Amino acid sequence: AFTLASIPGLEAAQFWMAILLCSMYILAVAGNCAVLFIVKTEPSLHAPMYFFLCMLAAIDLALSTSTVPRTLSSYWFNITEISLSACLVQMFLIHTLSAVESTVLLAMAVDRYVAICHPLRHAAILTNAATAKIGLIAMARGVLFFLPLPLLLLPLPFCRSRLLSHSFCLHQDVMNLACANTTPSVVYGLTAILLVMGLDAILICLSYVLILKAVLRLALWKERLKVFSTCIAHICVVLAFYVPLIGLSVVHRFGKDLAPLVHVTMGNIYILVPAVLNPIIYGVRTKEIQRRILNLI
């Protein structure tokens, strides 16, 4: 079995730190469930943008639920061991769901591009059927690219220290504990990340370059701000996803000498911050969702 990381140096305060983590998890679950319920029960929100938002909410629920309860059992009940099979399943879910979320964010960027640059063709291009197909493609893409990761690690022997750097299982973290040649796993993992998250980030940036060019063609600044304000929520959600992802990658690559607390904190931020912020961002920026939330309250 592997040993999940605790909060180094703060073992005495671990119970209270877990309460903070649990509170964030409850907030994430409540917020994303509210988004799903509102879109489902409000016919006026049955549009591609809101369907993509529902996909994000479902992904965030699955991603946080696959990690946080196990982390809380480690912090509260000192159940720190996790079997190899459970670790690999958790690792597969984390990387696959992250890839699916990245693809959905790209689809939302394309939705904004079509809505702003080709508004008359938006309804014909992004139909409900096309949105459902995009969701299926995003799921298939994540599974196909990241299913080989646990399969490459499964036959490897683990004879060194089995203490993980995080309170859940990540590919690079588990791979570093193997005492065999991990070159195929390193090469494939880096290739998958670049072809999924890296390519998506480039295409999202490209879509916003085209959006900016279209916005700057407008004569009045008031019109420019009004049109571009429709993209603010999506930009915030993209930053909430990619900034923790990049931060975690940098810590793994260059943070070998950093305190273990940094690794644990960055891992928890990567899992929970997007799940907490996404419904808040769209709740604040989208009047229809804001109105329904106020009615529910």
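Is isoleucine 202 buried or exposed, and what is its relative accessibility? Select it and take a look: the value is 56%, so isoleucine 202 counts as exposed. The cut-offs on this tour are under 20% relative accessible area for buried, over 50% for exposed, and partly exposed in between (1.4 Å probe, protein chains only).

Before going on, some ground rules. This is a predicted model, where local features need pLDDT of at least 70 and side-chain atom pairs count only at pLDDT 80 or more, while totals for chains, interfaces and linings use all residues. Residues are numbered from 1 along each chain as its sequence is written, and side-chain values use heavy atoms, with hydrogens and water left out.

**Stop 1: helix α9**

Isoleucine 202 sits in helix α9, which covers residues 183-216. Helices here are DSSP runs of H or I with at least four residues, strands are runs of E with at least two, and both are numbered from the N terminus. Put a distance between the C-alpha atoms of isoleucine 202 and leucine 212: they are 10 residues apart along the chain and separated by 15 Å.

Now select Leu199, Leu203, Leu206, Val209 and Leu210, which make a nonpolar surface patch with about 380 Å² of accessible area together. Patch members have over 30% relative accessible area and no salt bridge; nonpolar side chains (Val, Leu, Ile, Met, Phe, Trp, Tyr) are joined within 5 Å, like charges within 9 Å. The areas come from the Shrake-Rupley method with a 1.4 Å probe, and for residues only the protein chains shown count as cover. Zoom in on leucine 206, also found in helix α9; its relative accessibility is 46%, so leucine 206 counts as partly exposed.

**Stop 2: three salt bridges**

How many salt bridges does a search of the whole structure find? There are three, each with a side-chain nitrogen of Lys or Arg within 4 Å of a carboxyl oxygen of Asp or Glu.

Stay on α9 and pick aspartate 200, whose side chain meets that of arginine 141 at 2.9 Å, N to O. This pair links distant parts of the chain, with aspartate 200 in helix α9 and arginine 141 in helix α6 (residues 128-146), 59 residues apart. Aspartate 200 counts as buried because its relative accessibility is 0%, and arginine 141 counts as buried at 18%.

Next, select aspartate 111 and arginine 112, which form a salt bridge at 3.1 Å, N to O. Both aspartate 111 and arginine 112 are buried.

Then go to glutamate 42 and arginine 292, where the N to O distance in the salt bridge is 3.5 Å. Glutamate 42 is in the loop between α1 (14-41) and α2 (48-65) and arginine 292 is in helix α13, so the pair ties together parts that are 250 residues apart in sequence. Arginine 292 has a relative accessibility of 21%, so it counts as partly exposed.

**Stop 3: a positive patch**

Keep α13 on screen and add Lys222, Lys226, Lys287 and Arg291, which gather in a surface patch of positive charge. Two elements, α10 (221-228) and α13 (287-296), give two or more residues each to this positive patch. Lys and Arg count as positive and Asp and Glu as negative, with His and the chain ends not counted; each charge is placed at NZ of Lys, CZ of Arg, CG of Asp or CD of Glu.

**Stop 4: helix α12**

Which helix holds asparagine 278? Select residues 260-285, helix α12, and you will find it there. Asparagine 278 counts as buried because its relative accessibility is 2%. Its C-alpha atom is separated by 8.4 Å from that of glycine 31, 247 residues away along the chain. Valine 264 is in helix α12 as well and is buried, with a relative accessible area of 4%.

**Stop 5: a loop and some annotated spans**

Jump to asparagine 78 in the loop between α3 (68-77) and β2 (81-82). Its phi is near 60°, a positive value in a residue other than glycine. At 59% relative accessibility, asparagine 78 counts as exposed.

To finish, colour the spans that an unreviewed UniProt entry annotates as "transmembrane region", among them 50-68 and 88-110. UniProt positions follow the numbering used here, feature names are shortened, and annotations may be inferred rather than shown by experiment. Residues 50-68 are 89% helix and 0% strand, with end C-alpha atoms 26 Å apart. For residues 88-110 the figures are 100% helix, 0% strand and 33 Å between the end C-alpha atoms.
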